[in-house]
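Subject: Structure for you to look at

Dear colleague,

Here is the structure I said I would pass on. My notes follow below it.

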Amino acid sequence: IQLLGRLDFIAHRANFLMQPVLAQVDREALTHIRPNPSEVEETFLVPLSHLMEHPPQEFEYPLVPSPGADFPYSLVGIPENYPWRLGRENVPVYPWGEHPIWGLTARITRHLVGLLKK
């Protein structure tokens, strides 16, 4: 395995920080890689050329703020009917047979493909 570089940090809304790394793995080394079974159910390969030529499908859903009953409206000086700004979450999906690449993995993939196209 040859480390090629580190990609941008991801600060995820689920309260974790991740830094993806890019590496090249020799084909013969693939049979010796043992992913942690509590984290990885299955692995598969996708040609980089396919990812470069087929952009992901993009889906969005709303993020709706929902402050708890104990939110200190008076302390921060806003009314209880404060018009919170709604957000949106983007979910890229790369179809690939029975193994679609989606969510955080697809975000990392989309970012890498964008860097490579530059």
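I start with E80, which sits in the loop that links α2 (73-76) to β6. The model is a predicted one. E80 counts as exposed because its relative accessibility is 69%, and the cut-off for that class is over 50%. Its C-alpha lies 9.9 Å from that of A69, with the two positions 11 residues apart in sequence numbering.

Next, the chain as a whole. The protein chain contains seven strands and three helices, and their order along the sequence is β-β-β-β-α-β-α-β-β-α. The radius of gyration is 20 Å, whereas a compact globule of 118 residues would be near 13 Å. Along the principal axes, the C-alpha atoms of the protein chain occupy a box of roughly 65 × 30 × 30 Å.

Of the 118 residues in the protein chain, 18% are buried. The exposed surface of the protein chain comes to about 9,600 Å², with 56% of that area supplied by carbon and sulfur atoms. If one takes the contacts between residues at least 6 apart in sequence, 49% of them join residues at least 24 apart. On charge, the protein chain carries 13 negative and 10 positive side chains, and 7 Å separates the centres of the two sets.

Which residues does the side chain of E89 meet in polar contacts? One partner is the side chain of R13, at 3.1 Å; another is the side chain of R107, at 2.4 Å. E89 belongs to strand β6. E89 is classed as buried because its relative accessible area is 12%, and the class takes values under 20%. Apart from neighbours within four places in sequence, the contacts of E89 are R13, F59, E60, Y61, L63 and R107.

R107 also appears in the surroundings of H12. With residues up to four places away in sequence left out, H12 touches R107 and L104. H12 is part of strand β2, which covers residues 10-12. A polar atom of the H12 side chain lies 2.9 Å from the backbone nitrogen of A14.

After β2 comes N15, in the loop between that strand and β3 (16-18). N15 is not a glycine, yet its phi is positive, at about 75 degrees. Is N15 buried or exposed? N15 counts as exposed, because its relative accessibility is 73%.

The last residue on my list is H99, in the loop that runs from β6 (87-94) to β7 (101-102). H99 counts as partly exposed because its relative accessibility is 23%, and that class lies between the 20% and 50% limits. H99 is in contact with E42 and F44, if residues up to four places away in sequence are not counted. The C-alpha atoms of H99 and L45 are 9.8 Å apart, and the two residues are 54 apart in sequence.

If you want somewhere to begin, I would open the view on E89, with its polar contacts to the side chains of R13 and R107, and then go to N15 for the positive phi.

Regards

How values were computed: Residues are numbered from 1 along each chain as its sequence is written. This is a predicted model: local features need pLDDT of at least 70, side-chain atom pairs count only at pLDDT 80 or more; totals for chains, interfaces and linings use all residues. Side-chain values use heavy atoms; hydrogens and water are left out. Helices (H or I, at least four residues) and strands (E, at least two) are DSSP runs, numbered from the N terminus. Buried means under 20% relative accessible area, exposed over 50%, partly exposed in between (1.4 Å probe, protein chains only). Contact means heavy atoms within 4.5 Å. The radius of gyration is taken over C-alpha atoms; the globule rule is 2.2 Å times the number of residues to the power 0.38. Accessible areas come from the Shrake-Rupley method with a 1.4 Å probe; for residues, only the protein chains shown count as cover. Lys and Arg count as positive and Asp and Glu as negative; His and the chain ends are not counted. The place of a charge is taken as NZ of Lys, CZ of Arg, CG of Asp or CD of Glu. A polar contact is a pair of N or O atoms within 3.5 Å; within protein, one must be able to donate a hydrogen and the other to accept it, and residues adjacent in sequence count only if both atoms are side-chain atoms.
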